[in-house]
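Subject: Structure handover

Hello,

Here is the structure we talked about. Please open it first, then read my notes below.

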Amino acid sequence: MTFVYPKWVPGEHTPTGPLMQMAGLHVRAGGAEIPWSRDRVDMFAFHVDVPAGAQSIDVDFDYLSPSSTFGAGYGESANATQNLLLILFNHIVIYPAGVPSDELTLRASVRLPAGWKFDTALPVSARNADRIDFAPVSLTTLIDSPIVAGAYMRTIPITDTTHITVTADSNSALAMSDARIAQIRNLVAETDALFGARHYRTYRWLVTLSDLIEVQGLEHHQSTDIRQAENGLTDPDQTARTITILSHEFVHSWNGKYRRPAGLATADYQQPMIGELLFVYEGMTRYFGDFVLSARSGMRTAEEDREYAAWVAANQDHNRPGRHWRPLADTAVNVPTISVAPGEEVPYRRGLDYYDESLLVWLDADTTIRAKSGGSKSLDDFAKMFFGPPPSAPMLKPYTLDDVVNALNRVVPNDWRAFLDSRVYRVAPHPPLRALEAGGWGLVYNDTPNWYQSLRERFTKTTDESFTVGIWVKQDGTISDVVYGGPAYAAGLMPGMKITAINGRKYSAGVLREEIRAKKPLDVHVEQGTFAGAFRIDDRGGERFPHLERIAGAADVLSEIMRPRARGSQHAAGD
Ligand SMILES: [Zn+2]
């Protein structure tokens with residue numbers, strides 16, 4: 001027989017199963033060791049000759065929990081600290097090759113350190129001291145249901161069917177504020193109003209806070225695995241960053257888990273996944289989760305949301321010369337290589353832009369529907385039709401591009417195929433900035449810092465002068481990236497060079513900003529290995545940060561989109 005280790009991981013859309021962390025593999029039949037051999041082409045497959053008469057075989061192996069980060073998968077970073085543990089079942093299962101994951105039933109059990117608490121969407125069948133036995137579930141459900149456990153854990157009820165479980169490396173990190181908790185309560189009400197039906201029985205946000213675990217968020221149908229810094233819910237900047245991940249992942253319960261592109265709805269974890277429609281799966285989740293619902297629930301003020309949209313629009317427009325060769329859809333098709341690419345040359349290569357740019361594509365669709373229907377229809381109607389009633393237990397309804405186009409046409413007739421073709425599938429010199437204008441707002445640049453860009457600078461510890469000289473610089477002066485074709489690039493500066501001085505002044509983020517603000521050419525001294533040299537950036541444009549500005553006389557459609565819909569949402573619009 002042949003058994004396999006999961007290769008393509010749902011939600012990662014890449015062949016990132018951490019096979020290199022499998023060790024100590026032994027196969028036995030009736031207690032006697034039998035040899036295994038790895039497939040010579042497919043490294044994730046193992047062949048064994050089952051002895052005649054054997055009714056079963058036992059496969060035993062260990063998973064090496066990494067203490068460093070490598071590769072691109074969520075398993076390829078630490079999953080445990082001295083105080084907490086994340087169990088992702090795709091790391092620790094093998095299954096018979098060729099059997100659909102829905103058709104395999106598994107019984108899992110775990111033993112936890114004494115005194116630790118745990119939470120998971122998996123149903124528990126028995127608990128004896130430190131051992132927990134879970135009820136039999138399909139392999140699909142098992143892999144969709146991570147377990148978090150730890151010494152410091154706080155469960156926060158949200159509604160009768162939803163809660164947040166925060167697990168952290170310290171007790172003080174569990175102090176999520178009542179104001180943020182109230183926003184999550186609003187979020188549940190707003191998703192009910194938006195989609196009109198739930199496809200979860202219960203839902204839990206499993207939030208893990210540790211400085212030793214990589215920052216991540218991975219969606220599941222009835223839970224989500226969110227990993228943030230230890231101060232992710234206590235530091236105001238970190239919270240501003242973390243909180244919208246909760247709305248993003250929650251939207252995936254509808255868009256991503258209940259409805260999923262057919263190319264990502266594979267029968268098992270060895271079949272390659274096709275990422276093409278991630279501009280719907282992730283892109284519409286960015287629109288609803290990170291933009292529309294973040295405002296409707298009060299997670300962000302309308303002004304913060306506009307600053308976010310302005311940064312997204314400016315970054316996709318100004319900092320993406322790669323858009324002249326790579327269409328947006330190709331960033332989705334090519335997730336497996338883009339997600340393992342080096343951190344530099346993102347502007348020319350493009351990144352996983354189907355997230356951010358699709359915010360504008362779906363805002364464009366939303367404002368188009370509103371304009372064509374005289375304000376009586378919106379993308380909310382698409383959301384109800386596509387992701388909504390009838391309510392159900394967790395199930396999967398795959399879709400194709402035709403299904404998306406047809407549903408849009410049922411909301412409002414339009415040439416939606418051509419609409420998506422020009423914005424997603426063809427090279428487009430600019431992102432659809434007209435979506436903002438149709439919302440009553442224009443993208444402008446001035447010398448006032450952008451709220452979201454400043455927030456990003458603080459949590460990435462990087463100075464962002466991408467919109468001026470075309471450069472991002474780390475605290476120690478190392479250039480993390482350069483805008484291909486921009487002023488710094490034209491001067492000869494490259495990622496990896498370390499800036500030591502600017503205009504005769506020792507490098508600091510403040511000096512860089514001051515000299516740009518003074519509209520002086522920049523004489524930049526750099527070091528890289530044994531090289532030292534100087535470059536001149538001749539750009540006198542001064543500071544530039546993106547913002548949205550009201551277009552006089554135009555209807556404020558953007559504010560109408562952000563208006564809370566749920567009765568009893570505890571915040572006022574327009575703040
Ligand atoms: Zn997502």
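Buried means under 20% relative accessible area, exposed over 50%, and partly exposed in between, with a 1.4 Å probe and protein chains only. Helices (H or I, at least four residues) and strands (E, at least two) are DSSP runs, numbered from the N terminus. This is a predicted model: local features need pLDDT of at least 70, side-chain atom pairs count only at pLDDT 80 or more, and totals for chains, interfaces and linings use all residues. Residues are numbered from 1 along each chain as its sequence is written, and side-chain values use heavy atoms, with hydrogens and water left out.

**Strand S19 and its hairpin**

Start at strand S19, residues 216-219. Both of its faces are covered. Gln216 and Leu218 are buried on one side, Gly217 and Glu219 on the other. S19 pairs with strand S20 (residues 223-228) in the antiparallel sense, over four bridges. Two strands pair if DSSP finds at least two bridges between them. Glycine 217 has isoleucine 226 in S20 as its bridge partner. A hairpin of three residues joins S19 to S20.

Now look at the loop between S19 and S20, where histidine 220 is found. Is histidine 220 buried or exposed? Histidine 220 counts as buried because its relative accessibility is 5%. Its C-alpha atom is 9.1 Å from that of isoleucine 143, which is 77 residues away along the chain.

**The zinc site**

Which atoms are the protein donors of the zinc ion? They are His248 (NE2), His252 (NE2), Glu282 (OE) and Glu282 (OE), at 2.0 to 2.8 Å from the ion. Donors are N, O and S atoms within 2.8 Å of the metal (3.2 Å for Na, K and Ca); water is not among the atoms, so sites may look incomplete. The spacing of the donor residues in sequence is H-x3-H-x29-E. Histidine 248 and histidine 252 are both buried.

The arrangement is irregular because the four donor atoms subtend angles of 51 to 151° around the zinc ion. For reference, four donors count as tetrahedral if all angles lie between 85 and 135 degrees; four count as square planar and six as octahedral if opposite donors are over 155 degrees apart and all others between 65 and 115; anything else is irregular.

**Two open sheets**

One open sheet has three strands in the order S7-S15-S11, with antiparallel pairing. Its edge strands, S7 (84-87) and S11 (117-120), each pair on one side only. S11 pairs with strand S15 (residues 147-150) over four bridges. Lysine 117 has glycine 150 as its bridge partner in S15.

Another open sheet has three strands in the order S24-S25-S26, and its pairing is antiparallel. Here the edge strands are S24 (462-465) and S26 (479-482), each pairing on one side only. Four bridges join S24 to strand S25, residues 471-474. Threonine 463 has valine 473 in S25 as its bridge partner.

**Helices**

Helix H6 (residues 302-318) packs against helix H10 (residues 356-372) at an angle of about 110°, and their axes are 9 Å apart. Axes are lines fitted to C-alpha atoms, for helices over the stretch in contact, and angles run from 0 to 180 degrees between N-to-C directions.

Finally, see helix H17, residues 509-517. Its buried residues are Val511, Leu512, Arg513, Glu515 and Ile516. Lysine 519, just after H17, takes a positive phi of about 60°.

Best wishes
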